[in-house]
Amino acid sequence: TEVKTMNEETLTFYGDTIKALGDGRIGGYLVRFGDEKRTDLENEFFTKSTDFGDNTTSDIYYQHGLDPQLKKRVLGKGETRIDDVGVWIEAQLKMRDEYERAIYKMVSDGKMGWSSGTAGHLVERESVGKARHIKRWVLGLDASITPTPAEPRTSAIPIKSFDVGTIHLDVEPEAQSPETSQEVDSAVKSLEQPL
């Protein structure tokens, strides 16, 4: 079995849709397990035997800290646990301002998903038939809230390939309800004012 170590770049992996659990709490699968027949678009998969490191907590960011307004603001702290389905994460968002409350509203509306980020040089893969098992993916560095793609790309991608111009919290005008539009607009305005 061939084992590959990735080069030194940050990688991200899309997880599941985030569920609102009430009072600013959120949860969902940061990572889902598969096998050589249940892979991502790059023909890769995680299993319960994947080495996720020893961290059981992670800071929560929006879009891996690349959003031009929120930047690297920590939105909360998440706790992870491994079960038979994958790596479950629950977090309490800080809900400090309108922008963070708007993010929680979008989570409640099913518009946000999880994405884990890790250091590329810590990732290892091994060939399993025609697929690749992600043998090592260290969690705890970055659990991000990200808009759920219309066609989710559930594969590990370099963070440098993100289009920073399109990753900020932005909803297409025709997809916004008047309530959501007002929340996002007022949240953006509040961020433009000094804290």
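## Burial and the model

Buried means under 20% relative accessible area, exposed over 50%, and partly exposed in between. The model described here is predicted. E100 has a relative accessible area of 2%, so this residue is buried. R73 stands at 18% relative accessibility and therefore counts as buried too.

## A salt bridge between buried residues

E100 and R73 meet through their side chains in a salt bridge. The N to O distance is 2.7 Å. This pair links distant parts of the chain. E100 sits in helix α1, residues 98-108. R73 sits in the loop between β6 and β7. The two residues are 27 apart in sequence.

The contact belongs to a network. Salt bridges link R73, R96, D97 and E100.

## A bridge between two strands

K77 pairs with D59 in another salt bridge. Their closest N and O atoms are 2.8 Å apart. K77 lies in strand β7 (residues 76-82), while D59 lies in strand β6 (residues 57-62). The pair therefore ties together parts that are 18 residues apart in sequence.

How accessible is K77, in relative terms? Its value is 46%, so K77 counts as partly exposed. D59 has 22% relative accessibility and also counts as partly exposed.

## A bridge with an exposed arginine

R38 and D35 form a salt bridge through their side chains. Here the N to O distance is 3.4 Å. R38 has a relative accessible area of 52%, which is over 50%, so this residue is exposed. D35 is at 26% relative accessibility and counts as partly exposed.

## The count

How many salt bridges are there? The count comes to twelve. The pairs described above are among them: R38 with D35, K77 with D59, and E100 with R73.

## The largest nonpolar core

The largest nonpolar core holds 30 residues. Which of them touch the most other members? They are I26, I60, W114, W137 and I145.

Several elements each supply at least two residues of this core. Among the strands are β2 (10-17), β4 (25-32) and β6. Strands β8 (86-93), β9 (112-119) and β12 (142-147) do so as well. Helix α1 is also on the list. The largest share, five residues, comes from α1.

Two of these elements appear in the salt bridges too. Helix α1 carries E100, and strand β6 carries D59.

Conventions: Residues are numbered from 1 along each chain as its sequence is written. This is a predicted model: local features need pLDDT of at least 70, side-chain atom pairs count only at pLDDT 80 or more; totals for chains, interfaces and linings use all residues. Side-chain values use heavy atoms; hydrogens and water are left out. A salt bridge is a side-chain nitrogen of Lys or Arg within 4 Å of a carboxyl oxygen of Asp or Glu. Buried means under 20% relative accessible area, exposed over 50%, partly exposed in between (1.4 Å probe, protein chains only). Helices (H or I, at least four residues) and strands (E, at least two) are DSSP runs, numbered from the N terminus. A nonpolar core is a set of buried Ala, Val, Leu, Ile, Met, Phe, Trp, Tyr and Cys residues joined through side-chain atoms within 4.5 Å.
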